[in-house]
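Here is a friendly walk through the model you are about to load. Keep the viewer open beside the text and follow along residue by residue.

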Amino acid sequence: MKKRIVCMTLALMMTASQVVSVSASREDELREEQAATSAQLDATYAQIDQLYSAKQQLQSEIDALDANLVNVMVSIQTLEGDISNKETDIQNTQTALEKAQNAKTKQYEAMKERIQYIYEKGGNAAWFQMMMDADNLSDLLTKAEYTQKMYEYDRQSLEKYANTIDQVTQLGDQYKQEKAELEGMKQEYESESVNLQTQIDTKKANSADCDNEIAYAQQMATEYSNLIVQQQAEIEQLEAERIAAEEEARRQAEAEAAAAAEEAARQAAEEEAAQEEDQSNSDEEDQEDEDHSEDSEDTDDEESDEDHSEDENTDSDYSEDEDTSSDDSSSDDVEYDEYGNVIDSDNTVDPDDYESSSSSSSSSSSSSSSSSGSSIVDYAMQFVGNPYVWGGTSLTNGADCSGFTQSVYAQFGYSLPRTSYEQQNWGTEVSYADAQPGDLICYGGHVAIYMGNGQIVHASNSQDGIKISNDATYRTILSVRRPS
């Protein structure tokens, strides 16, 4: 009968386990899908970070090109001013050249008139006539000297004007050449400005493409986040259904087992009653046989019955002693609470003992957590400056955000999940106001280690690598997790 009850119970448990296993299988599939979605979300956030880095790089290049373009435009304006000044200089030299040529012409005409006058008055005998008209030798020499000076003056004036014309002409040619060079430089700068403007337009188009890709990636990240929320809700629903099914199966198994036990007890009672009835019939038959026996045998039977009665009394006394001993042992039991304090007979604990134990436990836990958190921060800071590598977990050769935190905490015996989403559900959640060094700061698709004073150390992106940030709230904080 006991084997039958055990078999029935096992059958019910196997049936319940099959129902539960189906639910658990779907739950495992959902968890795998959620992990894959979380990995895609992390990849999307990493792509967004890379796109932001690329956009920042493009913006830096655009700013540099803008600065170059401004310098080129300023140079063009300067060249235009210089060209204008050269044109003025050329006009001035042209005016000076005309004046010099006019002065030379006038001087030449005056000299011709004087020469003509001398020859017209004296002809070939002009010098002889001048000597004859002289009153004395001194007057003659004076007239001769005057005439010579007049010739010298005319000759020097002509040479001077000729030199002036040559100089002005050369200066005009120089100004024209310089103007041509300035105009050539201006053309080069104008070509450079066109080239720079083309590069700026291309960079701005690439930046606009980055904006479009970022918008699309953010849309995909939102969809992944919503999908993760839906998957989590379905997982929780399946988990609740599984727990309810297990409870129902357990209840049914217990009910079936109880019913089987009652049936077994009923059958056992019936069998016992049948056995007692058979025994009673057998006793009656024996009694009839005994009525025909001798008196001596009756006497022996009476003595035997008396001995049997005494044995029953003795057994009864022994049973009572066992019950009494059990009661005494039960009354001597002492109960303790979770801190080792004795619970009084009225099921209460001495308040002084409780406060002392609780305070000691809390103080010890806080001190240990703070010390461990500082050690985690000190260890993590050794790797500041090392590269960021998507999917990496090496603290020296490169790690991403979740790989960095996983490897750091592993040095202190903590086993973190691999992805940033899974790490959001690890440890014990605390508020940011209560955050301590060594806590995990969780963002959307990113994680960091809290250093205290609003600072974090984290594997940021491919451009900055592992670094320290002074503002832990630079992004929306989804959760703060404490190692437990």
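Leucine 41 sits in helix H1, which covers residues 2-122. In this predicted model, leucine 41 counts as buried because its relative accessibility is 6%, under the 20% cut-off. Leaving aside residues up to four places away in sequence, leucine 41 touches Ala221, Tyr224, Ser225 and Ile228. Try also a jump along the chain: glycine 445 lies 404 residues from leucine 41 in sequence, yet their C-alpha atoms are 6.5 Å apart in space.

Glycine 445 turns up again among the contacts of glutamine 424. Glutamine 424 belongs to the loop between helix H7 (420-423) and strand E3, and at 14% relative accessibility it counts as buried. Beyond residues up to four places away in sequence, its contacts are Cys442, Tyr443, Gly445, Leu478, Ser479 and Arg481.

Now for the sheet. Six strands make up an open sheet, and reading across it gives the order E3-E8-E4-E5-E6-E7, with antiparallel pairing. Strand E3 (428-430) and strand E7 (465-469) are the edges, each pairing on one side only. From one strand to the next, the twist averages 35 degrees.

Strand E8, residues 477-482, is a good place to look more closely. Three bridges join E8 to E3, and the two run antiparallel. E8 also pairs with E4 in the antiparallel sense, over four bridges. The table lists some of the residue partners to pick out on screen.

| Residue | Partner in E8 |
|---|---|
| Valine 430 | Valine 480 |
| Glutamate 429 | Arginine 481 |
| Tyrosine 443 | Isoleucine 477 |

Arginine 481, opposite glutamate 429 here, is also one of the residues that glutamine 424 touches. Tyrosine 443, the bridge partner of isoleucine 477, is another of the glutamine 424 contacts.

What lies across the sheet strands E4, E5, E6 and E7? Helix H6 (residues 401-410) does, crossing strand E4 (440-443), strand E5 (446-452), strand E6 (455-461) and E7. The helix runs at about 50 degrees to E5.

Next, the cysteines. A disulfide is a covalent bond between the sulfur atoms of two cysteines. How many disulfides does a search of the whole structure find? The result is zero. Why is cysteine 442 not bonded to its closest cysteine sulfur? That sulfur belongs to cysteine 401 and is 9.7 Å from the sulfur of cysteine 442, which is too far for a bond because a disulfide needs the sulfur atoms within 2.5 Å. Is cysteine 442 buried or exposed? Cysteine 442 is buried, with a relative accessible area of 0%. Cysteine 210 is buried too, at a relative accessible area of 8%.

Finally, a word on confidence before you set up any calculation. The protein chain has an average pLDDT of 75, and 67% of its residues score at least 70. Over residues 294-334 the pLDDT stays under 50, and the model has four contacts for this stretch beyond four places in sequence. Residues 336-368 also have a pLDDT below 50, and this stretch has 24 contacts in the model beyond near neighbours in sequence. Where pLDDT is low, the predicted coordinates should not be read in detail.

Definitions and conventions
Residues numbered from 1 in each chain as written. Predicted model: local features only at pLDDT ≥ 70, side-chain atom pairs only at ≥ 80, totals over all residues. Heavy atoms only, no water. Pairing = 2+ DSSP bridges. Axes fitted to C-alpha atoms, helices over the stretch in contact; angles between N-to-C directions. Contact = heavy atoms within 4.5 Å. Buried < 20%, exposed > 50% of the residue type's maximum accessible area, 1.4 Å probe, protein only. pLDDT = per-residue confidence, 0-100.
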